[in-house]
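Biologist: Please take a close look at one part of this model, the largest cavity. Set it in its surroundings, and tell me how far the model can be trusted.

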There are 2 protein chains.
Amino acid sequence: MPAKKGGLGQLARRTFREQIVEALRTSIISGVLPPGAQIVESEMALTFGVSRGPLREALGDLIKEGLLVTVPYTGTHVVDLSLDEVNEIFSLRTELEIFAFRQVWENRDEAYFAELNARHDRLLASIASGDDESSIVDELGLHSHVYEACGHSLLLSVWNGLRGKLQLYWAAHHRAHGRRGPLPEGHKRYVELAQGDDLDAMIEEIRDHMVRGFSKTETFLRARENLK
Amino acid sequence: MPAKKGGLGQLARRTFREQIVEALRTSIISGVLPPGAQIVESEMALTFGVSRGPLREALGDLIKEGLLVTVPYTGTHVVDLSLDEVNEIFSLRTELEIFAFRQVWENRDEAYFAELNARHDRLLASIASGDDESSIVDELGLHSHVYEACGHSLLLSVWNGLRGKLQLYWAAHHRAHGRRGPLPEGHKRYVELAQGDDLDAMIEEIRDHMVRGFSKTETFLRARENLK
DNA sequence: CAACGGTCGATTGTCAACAATCAGCGATGG
DNA sequence: CCATCGCTGATTGTTGACAATCGACCGTTG
């Protein structure tokens, strides 16, 4: 009678599919599966110790999420984002984040400020520790805050869709060129303004922030293309 | 334009999954499967004459698309949108459509104007014919134009994600209260401004258009809730 | 020697059977 | 009376085998 239910501890009783999605997403973002790598269902099923059914569904999720692409009867590969696609992500993201701030602006409270600063501190700690990968995660986590706080669940889900691709691109990017995580002062003004009273200044900062982020990315990529 | 009929014979060589997705989406939107209806995999597989495997994957697509919801080991149902969710769709859509017009504004050409008017004419024809369902499709098709024309593929894919839910909601809505499709003059100003030179006026019209659309929807829904 | 056509291996698409899980209901015992 | 346990039917989760399709290789042929 080991029927231990509802334990407060972790019950890893999720469905295989979810576990596979999570594991695969981690593998893709961490670079174990680099952009362009082919995913063979039978092999992958073997490595995870499951059948092709659940694995296939997990792949389907990641395809919908935009981390994988597939051609019928031919093969499935990790996406290889082009500069144009990253540009689209940044430009759309700019609009979404401005919209999110507009939604939340009048409803900011103590809890909001506290969480914002907590996430910023976490980002600074990751940067200080030199862990490039968690710096990326924490940077995205900081930006996620406004989406979570604005109470617009649809907006949040769209952002989460972009977030994965962005993380993938940055991670692959940082691996390609030496470690170059976010700068410690990169979000100073962003966080300050997010707690201030000037919404227009905040909006301006978002646009600047995105333009800076994209041009930094662009510079790196152009350099790489010139090299090869 | 959507390549409807290829020059050569239509090769219906698509995979079952795609055909099922399309058929199911049609059934959901047309109301054959009303909001809240349960989808049983085994029954549905029998209906389509396929195995549960492909059907399951099709359901997965529609779940990702937001037309179905599922709870593990329990059941899958057609989504039943709340007023809040529709409000979110309208508010997000407003921002996206404004962004799309900003992107396309300086690149509009003769082909753009021609297609815009063609879609408007199609909408007017559907309304005149009294076919409520194709009026909805054509109204959404008119709005789709700017997303397709602006050259932002990511924005287009986000819009397509919203489009399905919107169509579902409107169709269910129009069935619940007598036929009340879009009005013939509803897009007159929209189409005129989209061909003019005043971007600010266009943006203002989009905001107005969405507010009108949502408040009309809201009025209907409140009325229904008061009745029951 | 270049274009054609068929064969072959690899990979995904599809199937039917089996196992795990859940919601509801009734028996049971306090 | 009612809270709990275990049973039962329904539904989804998972599996391994089989079929369809694609791309590349290679021999043939003009």
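**The cavity and its setting**

Modeller: This is a predicted model, so confidence comes first. Residues 1-12 of chain A stay under 50 in pLDDT. For that stretch the model has one contact beyond four places in sequence. Chain A as a whole averages a pLDDT of 88, and 89% of its residues score at least 70. Among the elements of chain A, helix α8 (residues 188-194) has the highest confidence, at 97. Helix α9 (residues 199-227) of chain A has the lowest, at a mean of 84.

Now the cavity. The count comes to one cavity of 30 Å³ or more. The space in the largest cavity is about 90 Å³. Both chains line the largest cavity. From chain A come A:R17, A:R56, A:E57, A:G60, A:D61 and A:K64. From chain B come B:R17, B:R56, B:E57, B:G60 and B:D61. Two elements give two or more residues each to this lining: α3 (52-65) of chain A and α3 (52-65) of chain B. The most comes from α3(A), with five residues. By residue type, the lining has nine charged residues, two polar ones and no nonpolar ones.

Next, the nonpolar core. In soluble globular proteins, nonpolar side chains tend to be buried together. Here the largest nonpolar core has 124 residues. Those with the most contacts inside this core are A:L92, A:L96 and A:F101, along with B:L92, B:L96 and B:F101. Take A:L92. Leaving aside neighbours within four places in sequence, A:L92 touches A:L162 in its own chain. Across in chain B, A:L92 is in contact with B:L96, B:F99, B:H152, B:L154, B:L155 and B:V158.

A buried histidine is worth a stop too. B:H145 sits in helix α6 (residues 132-149) of chain B. Its relative accessibility is 5%, and the cut-off for buried is under 20%, so B:H145 counts as buried. Beyond four places in sequence, its contacts are B:Y112, B:E115, B:L116 and B:R119.

Last, the fold around these sites. Chain A has nine helices and three strands. From the N terminus, its elements run α-β-α-α-β-β-α-α-α-α-α-α. Of the 228 residues in chain A, 45% are buried. Consider the contacts in chain A with a separation of 6 or more: 74% of them join residues 24 or more positions apart.

To return to your cavity: its lining draws on both chains, with charged residues making up nine of the lining residues.

Notes:
Residues numbered from 1 in each chain as written. Chains lettered and ligands numbered in written order. Predicted model: local features only at pLDDT ≥ 70, side-chain atom pairs only at ≥ 80, totals over all residues. Heavy atoms only, no water. Core = buried A, V, L, I, M, F, W, Y, C linked by side-chain atoms within 4.5 Å. Buried < 20%, exposed > 50% of the residue type's maximum accessible area, 1.4 Å probe, protein only. Contact = heavy atoms within 4.5 Å. 1 Å grid on protein atoms, 1.4 Å probe; cavity = no way out; pocket = protein on both sides within 12 Å on 5 of 7 lines; lining within 4 Å. Points joined across faces, edges and corners; volume = space filled by probe spheres on them. Helix = DSSP H or I, 4+ residues; strand = E, 2+ residues; numbered from the N terminus. Nonpolar A, V, L, I, M, F, W, Y, C, P; charged D, E, K, R; others polar. pLDDT = per-residue confidence, 0-100.
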